[in-house]
Amino acid sequence: MASQQQDLVFAPLGGVGEIGMNLSIYGVGDERRRTWMAVDLGVSFAAEEHLPGVDLILPDIRYLVEERKNLVGLVLTHAHEDHYGALIDLWPRLKVPIYATPFTAALLEAKCANEPGAPKIPVTIVGLGSRFNVGPFDIELVTMAHSIPESNALIIRTPGGTVLHTGDWKIDPTPILGDRTDEKKLRALGEEGCLALVGDSTNAVREGRSPSEADVAKTITELVKTARGRVAVTTFASNVARLRTVADAARATDREVVVIGRAMERVVQIARETGYLDGVQDFRPVDAYGYLPPNKVVALCTGSQGEPRAALSRIAEDQHPEVTFSHGDRVIYSARTIPGNEKAVGRVINLLIEQGIEVITDRTHLVHVSGHPRRAELEELIGWVKPKVVIPVHGEALHLHEHAALARRCGVREVLQCRNGDLVQLAPQIRLIDEVPAGRLYKDGRILVEADSRTVADRKRLSFAGAVSVAIVITEKGEMVDDPSLDLMGIPDRDREGGSMHDAAHDAVIETFDSLPRNRRRDPDAVAEALRRAVRAAIAERWGKKPMCRVHVLTV
Ligand SMILES: [Zn+2]
Ligand SMILES: [Zn+2]
């Protein structure tokens, strides 16, 4: 019995082998009556060309749904989309108690209020650095510096051992806003004894340390000071330290801050309510922009990822009702371009440059820093915490691999590389014991579909090679009534010799039908399949691509 109570297991259900959609679960107790808690429930953003029409990718939570009665709670580490973005869609399937610190809870509430039909998600608000119980799990929060206020690591104490789940973090001695990474508490954990460190691998390929938020502040202040016209800064709205930096730079140069874009307005309001903009001057609403002289304004804009409807994109296209930039103005991209968004960001930058606007990015100036630890920081954390085992998470294969190699070099006794869906036993032994269902869901319009469902794959094929629809009517005796009706969509009208594609498909239908033996002509399914093949082959021969084809056979 005693040994059974010592059981401690871990399974990542998202975020391992990919950046995004973080979801981890921890279990105590033996297999037959295990109690689970979850950490984070995030999304990934889909790249349009791979998944046409899909907005978001979410972790498949079928295993948690199955285990719902044994799931005692879900703790959010922070309010980045890759950690909490799937809650609105997936919480109704779990109805589990949520734990979050005040800023995270406030952002979640605002997000729900802005999304029609969002569920009412009850959140237990827990203080920074606090200690509380989630069922049999004794949780203590550790404040970590990151690119959003209130990023928390979790110390998860169980009878089987103690885990440090780092969440997203860096070591920044001068973070501008919020407390520094709580080195003292992490060192104390090392003294107390830490079984496992489950940690952020995002920047494990990068040498040295992340520059500080204060270094970015210096650059931005300088760039605002030396600007002659208007200055616009675009960044992630949730990076409140960066908003504060822009505000300070504006004040130092006697400029007003104008907030442009709804996401930015929302975060500014929440940051004011939660005290993160205390002492910062009032910002001006967008309608003030028009009458401020160019050298008296700094615009804080949404749209750092090239989102087509965000403020900066609309301004660049000259589509914004209240805001324009002109020759000699300066736009600062104070954000990283998330992989997959490069084209969209490039398009906006080019539009700005064509209008004579100066664009400054992190390629030439230190106007952005990552919120994730580089190698020297990873080493330092391992030195403080002295874990028996390190499990790299939050990264693609390369990042996980580099994090694992680094941990080994640091002399960590055991390094365990796992994948989404692996069930890892941490106590009494450290080993992979099983697999649990894991995967992806797509948010397709308002609907969640399984990643292996046909809809998205069909749409991808349609976008590549179009479709043909054929309708014919046959009699009981197997004779065709009237001419077949064909519709070609997304297919060139003519082939290289000038022949009509429509006629080619039409002829293929007639010839194939005539060549079928009479008894097969009476079988609508056999007819449909034969015509489908013939039409696709006829078009492929002329075009080099095979469209989708649907054949409707009506019998009279
Ligand atoms: Zn984050
Ligand atoms: Zn993250």
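This is a short walk through one chain, from its overall build down to a few side-chain contacts.

What you have on screen is a predicted model. The chain has 556 residues, and 56% of them count as buried. Its secondary structure comes to 17 helices and 27 strands. Taken along the principal axes, the C-alpha atoms fill a box of roughly 85 × 75 × 45 Å. The exposed surface of the chain is about 24,900 Å², with carbon and sulfur atoms supplying 48% of that area. On contacts, take the ones with a separation of 6 or more: residues 24 or more positions apart account for 71% of them.

Next, the interior. In soluble globular proteins, nonpolar side chains tend to be buried together. Here the largest nonpolar core has 73 residues. Within that core, L41, L64, L87 and F283 have the most contacts. There is also a second core, separate from it, with 30 residues; I156, V198, V424 and L426 are among them.

Now one sheet. Strands of a sheet pair through backbone hydrogen bonds, either parallel or antiparallel. The sheet I want to show is open, has 4 strands, and runs in the order β4-β5-β23-β24 with antiparallel pairing. At its edges are β4, residues 44-45, and β24, residues 447-450, each of which pairs on one side only. Between β4 and β5, the latter spanning residues 54-59, there are 2 bridges. If you want to find one of them, start at S44: its bridge partner in β5 is I57.

On to the aromatic side chains. How many aromatic pairs does a search of the whole structure find? The count is 4, and I will show two.

One is F10 with Y26, a tilted pair, 5.1 Å centre to centre and with 40° between the planes. F10 belongs to strand β1, residues 8-14, and Y26 to strand β2, residues 23-28, so the pair ties together parts that are 16 residues apart in sequence. Are these two rings buried or exposed? F10 is buried, at a relative accessible area of 0%, and Y26 also counts as buried, at 0%.

The other is Y99 with F132, and this pair is stacked: the centres are 5.5 Å apart and the planes are at 15°. It links distant parts of the chain, with Y99 in strand β7, residues 98-100, and F132 in strand β9, residues 131-134, 33 residues apart. The relative accessibility is 13% for Y99 and 12% for F132. The cut-off for buried is under 20%, so Y99 counts as buried, and so does F132.

Two lysines also sit over rings. K111 has its charged end over the ring of Y84, 5.0 Å from the ring centre. K545 lies over the face of F464, at 4.3 Å from the centre of that ring.

Last, a single residue, I430. Where does I430 sit? It is in the loop between β21, residues 422-427, and β22, residues 431-435. Which residues does I430 contact, once its neighbours within four places in sequence are left aside? They are L195, V389, E414, L416 and Q425. For a sense of scale, I338 is 92 residues away from I430 along the chain, and their C-alpha atoms are separated by 35 Å.

That is the tour; I can go back to any of these views.

Note on methods:
Residues numbered from 1 in each chain as written. Chains lettered and ligands numbered in written order. Predicted model: local features only at pLDDT ≥ 70, side-chain atom pairs only at ≥ 80, totals over all residues. Heavy atoms only, no water. Contact = heavy atoms within 4.5 Å. Core = buried A, V, L, I, M, F, W, Y, C linked by side-chain atoms within 4.5 Å. Buried < 20%, exposed > 50% of the residue type's maximum accessible area, 1.4 Å probe, protein only. Phe/Tyr/Trp six-rings, centres within 6.5 Å; stacked < 30°, edge-to-face > 60°. Lys NZ or Arg CZ within 6 Å of the ring centre and 35° of its normal. Areas by Shrake-Rupley, 256 points an atom, 1.4 Å probe, with all protein chains shown as cover. Pairing = 2+ DSSP bridges.
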